[in-house]
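Here is a friendly walk through one protein model. Keep the picture at hand while you read, and look up each residue as it comes along.

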Amino acid sequence: MKEMDVFCKIVNGEIPCYKLFEDNDVLAFLDISQVTKGHALVIPKVHYDNFLSVPHDIMHKVMDVAQRIGQVDIKILGAKGVNILTNCYEAAGQSVNHFHVHVIPRYAEGEGFAIEMKAGDAENINLPAIASTIKSELK
Ligand code: AMP
(Lines give C-alpha, C1' and ligand atoms only; values in the text may rest on other atoms or scores of the structure.)
Protein backbone atom coordinates (compact mmCIF):
# COMPACT_ATOMS: atom_id res chain seq x y z
CA MET A 1 0.00 0.00 0.00
CA LYS A 2 1.20 3.55 -0.83
CA GLU A 3 2.45 5.45 2.23
CA MET A 4 0.27 8.38 3.27
CA ASP A 5 1.78 11.79 2.49
CA VAL A 6 2.40 14.34 5.22
CA PHE A 7 -0.59 16.52 4.23
CA CYS A 8 -3.00 13.56 4.35
CA LYS A 9 -1.64 12.96 7.85
CA ILE A 10 -2.35 16.59 8.76
CA VAL A 11 -5.91 16.25 7.41
CA ASN A 12 -6.35 13.08 9.50
CA GLY A 13 -5.03 14.80 12.62
CA GLU A 14 -2.00 12.48 12.87
CA ILE A 15 0.39 15.45 12.53
CA PRO A 16 -0.30 18.84 14.16
CA CYS A 17 -0.45 22.11 12.28
CA TYR A 18 -1.22 25.77 12.86
CA LYS A 19 -4.66 25.76 11.26
CA LEU A 20 -5.88 28.93 9.53
CA PHE A 21 -9.09 27.75 7.88
CA GLU A 22 -11.10 24.57 7.51
CA ASP A 23 -14.34 23.54 5.84
CA ASN A 24 -15.58 20.25 4.37
CA ASP A 25 -13.21 20.36 1.38
CA VAL A 26 -10.30 22.63 2.19
CA LEU A 27 -7.67 23.05 4.90
CA ALA A 28 -5.23 25.95 5.25
CA PHE A 29 -2.32 26.03 7.69
CA LEU A 30 1.07 27.66 8.24
CA ASP A 31 3.96 26.23 6.25
CA ILE A 32 6.54 24.85 8.67
CA SER A 33 9.39 26.50 6.74
CA GLN A 34 7.96 30.10 6.95
CA VAL A 35 9.79 31.47 3.93
CA THR A 36 8.32 34.74 5.17
CA LYS A 37 6.10 35.51 8.17
CA GLY A 38 2.64 34.06 7.57
CA HIS A 39 3.65 31.71 4.71
CA ALA A 40 0.57 29.49 4.35
CA LEU A 41 -0.45 26.36 2.49
CA VAL A 42 -3.93 25.62 1.20
CA ILE A 43 -4.84 22.02 0.37
CA PRO A 44 -7.85 19.92 -0.56
CA LYS A 45 -8.75 17.42 2.16
CA VAL A 46 -9.12 14.66 -0.41
CA HIS A 47 -5.81 13.58 -1.91
CA TYR A 48 -4.86 14.72 -5.42
CA ASP A 49 -1.25 14.59 -6.53
CA ASN A 50 -1.03 18.16 -7.80
CA PHE A 51 -2.77 21.09 -9.54
CA LEU A 52 -2.81 19.22 -12.85
CA SER A 53 -4.95 16.38 -11.52
CA VAL A 54 -7.37 18.17 -9.19
CA PRO A 55 -11.03 18.50 -10.30
CA HIS A 56 -12.21 22.03 -11.18
CA ASP A 57 -14.65 22.48 -8.31
CA ILE A 58 -12.02 21.55 -5.71
CA MET A 59 -9.38 23.69 -7.42
CA HIS A 60 -11.73 26.67 -7.26
CA LYS A 61 -12.40 26.11 -3.57
CA VAL A 62 -8.68 25.90 -2.80
CA MET A 63 -7.90 29.02 -4.87
CA ASP A 64 -10.74 30.92 -3.19
CA VAL A 65 -9.19 30.32 0.23
CA ALA A 66 -5.72 31.19 -1.13
CA GLN A 67 -7.12 34.49 -2.42
CA ARG A 68 -8.69 35.29 0.94
CA ILE A 69 -5.47 34.56 2.82
CA GLY A 70 -3.55 36.79 0.37
CA GLN A 71 -6.04 39.58 1.07
CA VAL A 72 -5.45 39.16 4.82
CA ASP A 73 -1.67 39.27 4.25
CA ILE A 74 -1.98 42.69 2.62
CA LYS A 75 -4.70 44.12 4.79
CA ILE A 76 -3.73 42.83 8.23
CA LEU A 77 -0.13 41.55 8.19
CA GLY A 78 1.12 44.57 6.28
CA ALA A 79 2.59 42.64 3.36
CA LYS A 80 3.46 44.72 0.31
CA GLY A 81 2.83 41.81 -2.05
CA VAL A 82 1.96 38.12 -2.12
CA ASN A 83 3.18 35.18 -4.18
CA ILE A 84 0.57 32.51 -4.84
CA LEU A 85 2.20 29.47 -6.35
CA THR A 86 1.89 25.76 -6.77
CA ASN A 87 4.60 23.34 -7.87
CA CYS A 88 3.69 20.35 -10.06
CA TYR A 89 6.02 17.34 -9.96
CA GLU A 90 9.52 17.04 -8.57
CA ALA A 91 11.09 18.63 -11.65
CA ALA A 92 9.24 21.85 -10.75
CA GLY A 93 10.15 21.70 -7.05
CA GLN A 94 7.18 19.76 -5.66
CA SER A 95 8.37 17.92 -2.56
CA VAL A 96 5.01 16.89 -1.06
CA ASN A 97 2.87 14.81 -3.40
CA HIS A 98 -0.49 16.33 -2.38
CA PHE A 99 -1.89 19.35 -4.23
CA HIS A 100 -1.08 22.51 -2.29
CA VAL A 101 -0.99 26.22 -2.96
CA HIS A 102 1.65 28.38 -1.27
CA VAL A 103 0.53 31.84 -0.14
CA ILE A 104 3.71 33.77 0.64
CA PRO A 105 3.44 37.35 1.91
CA ARG A 106 6.23 39.65 0.73
CA TYR A 107 7.34 42.46 3.02
CA ALA A 108 10.63 43.71 1.63
CA GLU A 109 12.57 43.39 -1.58
CA GLY A 110 15.05 40.50 -1.52
CA GLU A 111 13.48 38.87 1.53
CA GLY A 112 12.47 35.23 1.46
CA PHE A 113 13.05 34.02 -2.04
CA ALA A 114 13.43 35.15 -5.60
CA ILE A 115 11.72 33.96 -8.72
CA GLU A 116 14.18 34.59 -11.47
CA MET A 117 12.91 34.01 -14.99
CA LYS A 118 15.89 33.92 -17.30
CA ALA A 119 15.18 34.45 -20.96
CA GLY A 120 15.54 31.10 -22.72
CA ASP A 121 16.68 30.13 -26.18
CA ALA A 122 13.72 31.75 -27.99
CA GLU A 123 15.69 32.19 -31.22
CA ASN A 124 16.07 28.43 -31.54
CA ILE A 125 12.53 27.52 -30.54
CA ASN A 126 9.99 27.15 -33.31
CA LEU A 127 7.33 29.43 -31.81
CA PRO A 128 4.61 28.85 -34.46
CA ALA A 129 5.04 25.07 -34.10
CA ILE A 130 4.95 25.02 -30.29
CA ALA A 131 2.01 27.45 -30.23
CA SER A 132 0.13 25.29 -32.70
CA THR A 133 0.78 22.09 -30.69
CA ILE A 134 -0.48 23.58 -27.42
CA LYS A 135 -3.40 25.38 -29.09
CA SER A 136 -4.72 22.26 -30.79
CA GLU A 137 -4.78 20.38 -27.46
CA LEU A 138 -6.80 23.17 -25.82
CA LYS A 139 -9.69 22.97 -28.31
P1 AMP B 1 6.59 22.01 -2.23
O2 AMP B 1 8.08 22.07 -2.27
O3 AMP B 1 5.91 22.98 -3.14
O4 AMP B 1 6.07 20.60 -2.37
O5 AMP B 1 6.20 22.52 -0.77
C6 AMP B 1 6.02 21.67 0.31
C7 AMP B 1 5.97 22.55 1.52
O8 AMP B 1 5.44 21.79 2.59
C9 AMP B 1 7.33 23.07 1.99
O10 AMP B 1 7.31 24.50 1.94
C11 AMP B 1 7.46 22.55 3.42
O12 AMP B 1 8.03 23.49 4.30
C13 AMP B 1 6.00 22.27 3.79
N14 AMP B 1 5.81 21.26 4.82
C15 AMP B 1 6.31 20.01 4.85
N16 AMP B 1 5.91 19.35 5.96
C17 AMP B 1 5.10 20.21 6.64
C18 AMP B 1 4.37 20.14 7.86
N19 AMP B 1 4.37 19.05 8.62
N20 AMP B 1 3.66 21.21 8.26
C21 AMP B 1 3.64 22.35 7.49
N22 AMP B 1 4.31 22.47 6.34
C23 AMP B 1 5.03 21.42 5.91
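## A cysteine to start with

Let us begin with Cys17, a residue that is partly exposed, its relative accessible area being 27%. Keep in mind as you look that this is a predicted model.

Does Cys17 have a bonding partner, or none? Cys17 takes part in no disulfide, and the nearest cysteine sulfur, which belongs to Cys8, is 13 Å away. A disulfide here would call for two cysteine sulfur atoms within 2.5 Å. Cys88 can be looked at in the same spirit: the closest cysteine sulfur to its own is again in Cys8, at 17 Å, and that is too far for a bond. Cys88 counts as buried, with a relative accessibility of 18%. For the model, the count of disulfides is zero.

## The overall layout

Now step back to the whole chain. The protein chain has three helices and five strands. Starting at the N terminus, these elements follow the order α-β-β-β-α-β-β-α. Measured out along its principal axes, the C-alpha trace spans about 50 × 45 × 25 Å.

How much of the chain is buried? Of the 139 residues in the protein chain, 31% are buried. Its accessible surface is about 9600 Å², and carbon and sulfur atoms account for 57% of that. Contacts tell us something about the fold as well: taking those between residues at least 6 apart in sequence, 54% join residues that are at least 24 apart. As for charge, the chain carries 13 positive and 18 negative charges, and the mean positions of these two groups are 6 Å apart.

## Two pairs of rings

The model contains two aromatic pairs. In one of them, Phe7 and Phe29 meet edge-to-face, with 5.5 Å from centre to centre and 75 degrees between the planes. Phe7 belongs to helix H1 (residues 6–11) and Phe29 to strand S2 (residues 26–30), so this pair ties together parts that are 22 residues apart in sequence. Are these two rings buried or exposed? Phe7 is buried at 6% relative accessibility, and Phe29 is buried at 2%.

Phe51 and Phe99 make up another pair, a tilted one, with centres 6.1 Å apart and 50 degrees between the planes. Phe51 sits in the loop between strand S3 (40–44) and helix H2 (56–75), while Phe99 sits in the loop between strand S4 (81–85) and strand S5 (101–106), so the pair ties together parts that are 48 residues apart in sequence. The two partners can be told apart by their surroundings: Phe51 is partly exposed, with a relative accessible area of 31%, whereas Phe99 is buried, at 1%.

## The loop between S3 and H2

The loop that holds Phe51 has other residues to visit. Val46 is one of them, placed between S3 and H2, and it counts as exposed with 53% relative accessibility. The C-alpha atom of Val46 is 11 Å from that of Met59, a residue 13 places away along the chain.

His47 lies in the loop between S3 and H2 too, and is partly exposed, with a relative accessible area of 30%. Which residues does His47 touch, leaving aside those up to four places away in sequence? They are Asp5, Cys8, Asn97 and His98. Cys8 has appeared before, as the residue with the sulfur nearest to that of Cys17. For a wider view, look across to Gly78: its C-alpha atom and that of His47 are separated by 33 Å, with the two positions 31 residues apart along the chain.

## Two residues with positive phi

Finally, consider two backbone angles. Gln34 is a residue other than glycine, yet its phi is positive, near 45 degrees. Gln34 is located in the loop between S2 and S3 and is partly exposed at 29% relative accessibility.

Tyr89 is not a glycine either, and its phi is positive at about 75 degrees. Look for Tyr89 in the loop between S4 and S5, where it counts as exposed, with 53% relative accessibility.

How values were computed:
Residues are numbered from 1 along each chain as its sequence is written. This is a predicted model: local features need pLDDT of at least 70, side-chain atom pairs count only at pLDDT 80 or more; totals for chains, interfaces and linings use all residues. Side-chain values use heavy atoms; hydrogens and water are left out. Helices (H or I, at least four residues) and strands (E, at least two) are DSSP runs, numbered from the N terminus. Buried means under 20% relative accessible area, exposed over 50%, partly exposed in between (1.4 Å probe, protein chains only). Contact means heavy atoms within 4.5 Å. Accessible areas come from the Shrake-Rupley method with a 1.4 Å probe; for residues, only the protein chains shown count as cover. Lys and Arg count as positive and Asp and Glu as negative; His and the chain ends are not counted. The place of a charge is taken as NZ of Lys, CZ of Arg, CG of Asp or CD of Glu. Rings of Phe, Tyr and Trp (its six-membered ring) pair if their centres lie within 6.5 Å; planes under 30 degrees apart count as stacked, over 60 as edge-to-face and the rest as tilted.
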